[in-house]
Amino acid sequence: FFVDSVMHYKDRITDPELASAVKGFVAQEGMHSRAHAAFNAMARAQGLEVADELEQKVKWLLRARKKTAPHAARLAVTCALEHFTAILAEQLLSDQDHRESLHPSVRDLWVWHAMEESEHKAVAFDVFQQVSGSYALRARVMVIATGFFLGFITYSHFRLLSARGLLGDV
């Protein structure tokens with residue numbers, strides 16, 4: 001979804017630096033997809049089949065948005081979600097206690113992921129500014145995306161805790 005929303009406008013990107021950043025963004029998102037698949041496989045191997053359910057729900061939400069939203073709105077969704085991941089990445093990278101609280105088997109993966117997110121955090125926004133720049137659209141989409149993001153994160157945490165038999169321990 002992210003790659004498609006940015007690449008839809010590749011022919012309208014006139015700034016060579018931004019065009020180069022878009023290529024890097026596409027490559028990093030491809031690596032992210034593989035890393036997420038590996039992480040989900042590890043979760044399944046540890047008995048957390050719920051990871052597949054959560055992944056399918058995310059895919060369904062993004063497919064639904066892709067079918068119904070105009071291209072500029074899809075790019076605005078990407079901007080919103082990239083903004084959230086950049087906030088989370090910055091928090092992880094700047095808080096040593098948070099990093100150290102991660103299990104050693106996944107710490108390097110999460111730090112790498114945070115660094116990648118931090119590196120390309122503004123690419124979708126820069127493309128949006130060049131091809132649309134509509135603050136009203138971006139703000140409207142951010143409000144909607146915030147609700148979905150917070151709702152889905154909350155739902156996911158409850159599903160994961162439930163799958164581990166820890167829901168009552170919260």
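## Nonpolar surface patch

In this predicted model, four residues, W60, L61, I144 and F148, make up a nonpolar patch on the surface. Together they present about 430 Å² of accessible area. Two helices contribute to the patch: helix 3, spanning 50-68, and helix 8, spanning 135-163, each provide at least two of its residues.

I144 is located in helix 8. Its relative accessibility is 46%, so I144 is classed as partly exposed; the exposed class would require a value over 50%.

## Aromatic pairs

The structure contains four aromatic pairs. One of them is formed by F84 and F149, whose rings are stacked, with a centre-to-centre distance of 4.4 Å and an angle of 10 degrees between the planes. This pair connects distant parts of the chain, since F84 belongs to helix 4 (residues 71-94) and F149 to helix 8, with their positions 65 residues apart in sequence. F84 has a relative accessible area of 12% and is therefore buried, the limit for that class being under 20%.

A tilted aromatic pair is formed by F152 and Y155. Here the ring centres are 6.2 Å apart and the planes meet at 40 degrees. Both residues lie in helix 8, and because they are three residues apart, about one helical turn separates them. The two partners fall into separate accessibility classes: F152 is buried, at a relative accessible area of 17%, whereas Y155, at 32% relative accessibility, is partly exposed.

## Surroundings of H32

Helix 2 (residues 16-45) is the location of H32. With a relative accessible area of 2%, H32 is buried; the value falls under the 20% limit.

Which residues is H32 in contact with, leaving aside its neighbours within four places in sequence? They are W112, H113, E116, E117 and H120. For E117, a polar contact is also present: the side chains of H32 and E117 are joined at 3.2 Å.

## Helix 8 in summary

Helix 8 recurs in both the patch and the aromatic pairs described above. It supplies at least two residues of the nonpolar patch, and I144 is placed within it. Helix 8 also holds F149, the partner of F84 from helix 4, as well as both F152 and Y155. Among these helix 8 residues, I144 is partly exposed, F152 is buried and Y155 is partly exposed.

Notes: Residues numbered from 1 in each chain as written. Predicted model: local features only at pLDDT ≥ 70, side-chain atom pairs only at ≥ 80, totals over all residues. Heavy atoms only, no water. Patch = residues over 30% accessible without salt bridge, like charges linked within 9 Å, V, L, I, M, F, W, Y side chains within 5 Å. Areas by Shrake-Rupley, 256 points an atom, 1.4 Å probe, with all protein chains shown as cover. Salt bridge = Lys/Arg side-chain N within 4 Å of Asp/Glu carboxyl O. Helix = DSSP H or I, 4+ residues; strand = E, 2+ residues; numbered from the N terminus. Buried < 20%, exposed > 50% of the residue type's maximum accessible area, 1.4 Å probe, protein only. Phe/Tyr/Trp six-rings, centres within 6.5 Å; stacked < 30°, edge-to-face > 60°. Polar contact = N/O pair within 3.5 Å; in protein donor to acceptor, adjacent residues only side chain to side chain. Contact = heavy atoms within 4.5 Å.
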